[in-house]
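Please work through the exercises below with the sequence and the model side by side, trying each task before reading its solution.

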Amino acid sequence: MHPLRKLLNLFSPVPLSGWLLGAFAAVLLEYFLGDAISYYLYLPKIPVLFGTLIVLKSPQLIPSVIGYDLLIYILPTLLAARLSAPLTNRLAAGVERLPTWLATLLHLAAFYGILHLWAGISDYRILVVKLTLIAVILTLSLNIINGWQGEFSCSHPGFMAIGAYVSSFLTLRLFAGSAALLPAALGPWLFPFILVAAGCAAALGSLIVAIPSFRTRGDYLAVISLAFMFIVKSAIENMEFLGGPRGLSSQPDYSSLPVIFAWTSLCIWIVHNFTTSIMGKALNAVRDNEAAASSMSVNTRKTKMTAFMFGAFWAGVAGGLFAHVLRYINPGSFGLQSLAETLAMVYFGGLNSIVGSILGAVSISLLSEMLKPLELFKWIIIPLMLILIMIFRPHGLIAFTELNVRRLMRARKKP
C-alpha cells in the first residue's frame, strides 16, 4: 500500500470532534509554551501566521519555523486527534442522537473556543481572523449570484460600500460623540438592527442593477454592475455628510470577534437553507436553462431578482462589519482591488458550493496576508495560482458540493 494511503487510513477513524480536540491541544500548547519554544528555536517571537511572515523576511529562520510548526501545531494535533479517536467517536455517536441544530451549535462553540484562544495571542491575529470571517460572508454572497444564479456580477464592492456607509452613519449619529441621539450603552445591543438596515439598503441599491440588466440577456449584467460600482464610489466621494473622499472614521468598536463569528455562522446557515430550498432549486433551473425553467412555470424574473437582492443584502452586512472593524472607511476601500479579491475567492474555492466559498475566502485572505512582505510580487503569485486553477479546475477547487452537516459530525468507523 502507498505510504500516503497508509497515513490517511491511520487517521480515517478520527471524527470532527477529534480534530477539534487535536486543534485545541495545539492551541493550548502554544498559549502556555509558545514563548519558550520560540525562544529556544531562536525565533524573535511567536509566529503570527504559522511563521510565513518571518520566513519571507528572514529566510535563514526556515528550519526554526518548520520546527515550531511541527512541535506546536502538526504533531500535537495529529497525536491528540488519533489517540482520542475511541473517546471522540463515542462522543460523536452520542451527539448524533441530538437534534441537528443542537449538535451544530456544540461543534460551533468548540470551534469558536479554539479560534478565540488562537487569535487572542496577538492583536494582529484577531484582525486577520475578523477580516477573514467577513471575507467568508462576502464570498458566499457573491457566489449566490455568480454561482447558483449563473450570472457575472461586478457590483459587490458597491453593495459593500452602501452597507459600510449606512451602518457607519447610523452608529456615529446615534451612539458616538457628545451629540449622540441615544445612550452609547445601547449601541452594541442595537448594532444587529443597524447591520440589517445596512443589508436592506444594499438590497434596495441592487435594484438599480437588477431592473435594467434582467430585461436583457448575455453579458449586460457584468457591464451594468461594473458601472454601478463606479457610480456608488463617485457618489460617496461627492457627499460631504459622508466625509467625501476623506471618508468616515471613529466608528464604535462593535465588530468584536464573537459578533463577527455569529454573523458568519448565521450567513452560512441561511445561505444553505436558501440554496437548498425551492427557491434555490428554481435558481439552479434558471441557471441551467432559463427557457426550460420558464416553461415549467418558474417565474424566472422574480427568481433572479430575489437571489440578486439576497446576495446584495449579505454584502451590505459584510460592509457594515468591515467598517466597524477598521473603524475607518473611504471610497477607495471599495474599488477594483476589492472586486478582484472577492472574485478570486469565489472562483478559487468553487462555484455553487458553501464549502468552496469558505475555502476560497480563508485561503486567499490568509495567503494575501502571508505574502505581504513580497509587496508587488504578491500580485504576481496569487494571479498565477488562479490561472492554474482555471486551467485544471475551471469551476474551482470544491464546486457544486452541498454542505452536509450531519455527515461532517458523524462518528467514524475503523478502516
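**Exercise 1: two residues with positive phi**

Asparagine 352 counts as buried, since its relative accessibility is 7%, where buried means under 20% relative accessible area, exposed over 50% and partly exposed in between, found with a 1.4 Å probe on protein chains only. This is a predicted model, in which local features need pLDDT of at least 70 and side-chain atom pairs count only at pLDDT 80 or more, while totals for chains, interfaces and linings use all residues. Residues are numbered from 1 along each chain as its sequence is written, and side-chain values use heavy atoms, with hydrogens and water left out.

Task: state in which loop asparagine 352 lies, and then describe tyrosine 42 in the same manner.

Solution. Begin with asparagine 352, which lies in the loop between helix H15 (336-349) and helix H16 (354-370), helices being DSSP runs of H or I with at least four residues, numbered from the N terminus. The phi of asparagine 352 is near 55°, a positive value in a residue other than glycine. Next take tyrosine 42, which is found in the loop between helix H2 (16-40) and helix H3 (52-57). Tyrosine 42 is not a glycine either, yet has a positive phi of about 65°, and with a relative accessible area of 70% tyrosine 42 is exposed.

**Exercise 2: aromatic pairs**

Task: count the aromatic pairs, then classify the pair of phenylalanine 274 and phenylalanine 310.

Solution. Rings of Phe, Tyr and Trp (its six-membered ring) pair if their centres lie within 6.5 Å, and planes under 30 degrees apart count as stacked, over 60 as edge-to-face and the rest as tilted. By this rule there are 18 aromatic pairs. The rings of phenylalanine 274 and phenylalanine 310 have centres 4.3 Å apart and planes at 20°, so this pair is stacked. The pair links distant parts of the chain, 36 residues apart, with phenylalanine 274 in helix H11 (residues 257-276) and phenylalanine 310 in helix H14 (residues 300-326). Both phenylalanine 274 and phenylalanine 310 are buried.

**Exercise 3: the nonpolar core**

Task: find how many residues the largest nonpolar core has, and which helix gives the largest share of this core.

Solution. A nonpolar core is a set of buried Ala, Val, Leu, Ile, Met, Phe, Trp, Tyr and Cys residues joined through side-chain atoms within 4.5 Å. The largest one has 92 residues, and those with the most contacts inside it are Phe308, Trp314, Leu321, Ile329 and Phe334. H14 gives the largest share of this core, 14 residues. A second, separate core of eight residues includes Met229, Leu343, Val346 and Leu351.

Key
Helix = DSSP H or I, 4+ residues; strand = E, 2+ residues; numbered from the N terminus.
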